[in-house]
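Reader: I am new to this structure and would like a friendly tour. Could we go through it together, one question at a time?

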Amino acid sequence: MPDPGEPLTLQGGIHGAQRKGRWKVPPKIVAYGGMGGVRIDFTQAECRLREIQVEVDTQMSGVQIVVPVGWKADTDALDLGFGGLKDKTVGERLPGTPVLRITGTCGMGGVHIRHPNFRERRRQRKELSR
């Protein structure tokens with residue numbers, strides 16, 4: 001388990017990298033997309049923080065971020081580059097939920113922020129009913 005002061009670093013490389021399921025969110029996350037991309041899924045993560053710094057360098061394949069409904073993503077400091085930004089989140093930030101401060105460069109792969117899709121929500125419901 002990394003020191004809480006150290007950032008979580010995800011490097012996509014050729015095969016990609018992801019963080020999903022149950023995990024504890026550190027104050028800072030660094031994601032390098034590489035050729036395989038990076039996926040960060042916060043839907044089942046344990047997070048007691050009010051703000052999370054996410055630094056991205058999407059490179060070729062990009063970074064995908066999945067957030068629960070009510071979380072907010074602040075992308076004002078993000079350099080859009082060629083890949084750009086797709087933010088498909090909706091609604092206002094709910095009280096007590098964190099803000100993701102996303103910085104860095106989109107490169108060619110881009111950054112995609114969204115809520116869980118139907119299949120992911122269905123899988124979560126099945127896991128909770130066990």
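Author: Gladly, and one term will help us from the start: contact means heavy atoms within 4.5 Å. Please keep in mind that this is a predicted model.

Reader: Which residues does Phe42 touch, leaving aside those up to four places away in sequence?

Author: Phe42 lies in the loop between E4 and E5. Once residues up to four places away in sequence are set aside, the contacts of Phe42 are Trp23, Val25, Ile29, Ile52, Ile65, Val66, Val67, Pro68, Trp71 and Leu100.

Reader: Is Phe42 buried or exposed?

Author: Buried means under 20% relative accessible area. Phe42 has a relative accessibility of 1%, so this residue counts as buried.

Reader: How many aromatic pairs does a search of the whole structure find?

Author: The search finds two aromatic pairs. In one of them, the ring centres of Trp23 and Phe42 are 5.4 Å apart with the planes at 40°, so this pair is tilted. Phe42 and Trp71 also form a tilted pair, at 5.3 Å centre to centre and 45° between the planes. Ring pairs thus link Trp23, Phe42 and Trp71 into a cluster, and the number found is two.

Reader: How many residues apart in sequence are the parts that the pair of Phe42 and Trp71 ties together?

Author: Phe42 is in the loop between E4 and E5, while Trp71 is in the loop between E6 and strand E7 (72–74). Trp71, at 10% relative accessibility, counts as buried. Because the two rings sit in these separate loops, their pair ties together parts at a sequence distance of 29 residues.

Reader: Which residues touch the most other members of the largest nonpolar core?

Author: In soluble globular proteins, nonpolar side chains tend to be buried together. Here the largest nonpolar core has 25 residues. At least two of its residues come from each of strand E1 (8–11), E3, E4, E5, E6, strand E10 (99–105) and strand E11 (111–114). The members that touch the most others are Phe42, Ile65, Leu100 and Ile102.

Reader: Which strand gives the most to this core?

Author: A regular strand has side chains that alternate between the two faces of the sheet. Along E5, Glu51, Gln53, Glu55 and Asp57 point to one face and are not buried, whereas Ile52, Val54 and Val56 point to the other and are buried. With three residues in the core, the strand that gives the most is E5.

Reader: How many bridges pair E5 with E10?

Author: E5 runs parallel to E3, and five bridges join these two; Lys28 stands opposite Gln53 in E5. Glu51 has a bridge partner in E10, namely Val99. E5 and E10 also pair in the parallel sense, and their bridges number seven.

Reader: Which are the edge strands of the open sheet?

Author: Five strands form this open sheet with parallel pairing, in the order E2-E4-E6-E11-E9. Within it, E4 and E6 pair over four bridges, and Asp41 has Val66 in E6 as its bridge partner. An edge strand pairs on one side only, and here these are E2 and strand E9 (85–87).

Reader: Is Gln59 buried, partly exposed or exposed?

Author: Gln59 is in the loop between strand E5 (51–57) and strand E6 (63–66). Its phi is near 55°, a positive value in a residue other than glycine. Because its relative accessibility is 33%, Gln59 counts as partly exposed.

Methods
Residues numbered from 1 in each chain as written. Predicted model: local features only at pLDDT ≥ 70, side-chain atom pairs only at ≥ 80, totals over all residues. Heavy atoms only, no water. Buried < 20%, exposed > 50% of the residue type's maximum accessible area, 1.4 Å probe, protein only. Phe/Tyr/Trp six-rings, centres within 6.5 Å; stacked < 30°, edge-to-face > 60°. Pairing = 2+ DSSP bridges. Core = buried A, V, L, I, M, F, W, Y, C linked by side-chain atoms within 4.5 Å.
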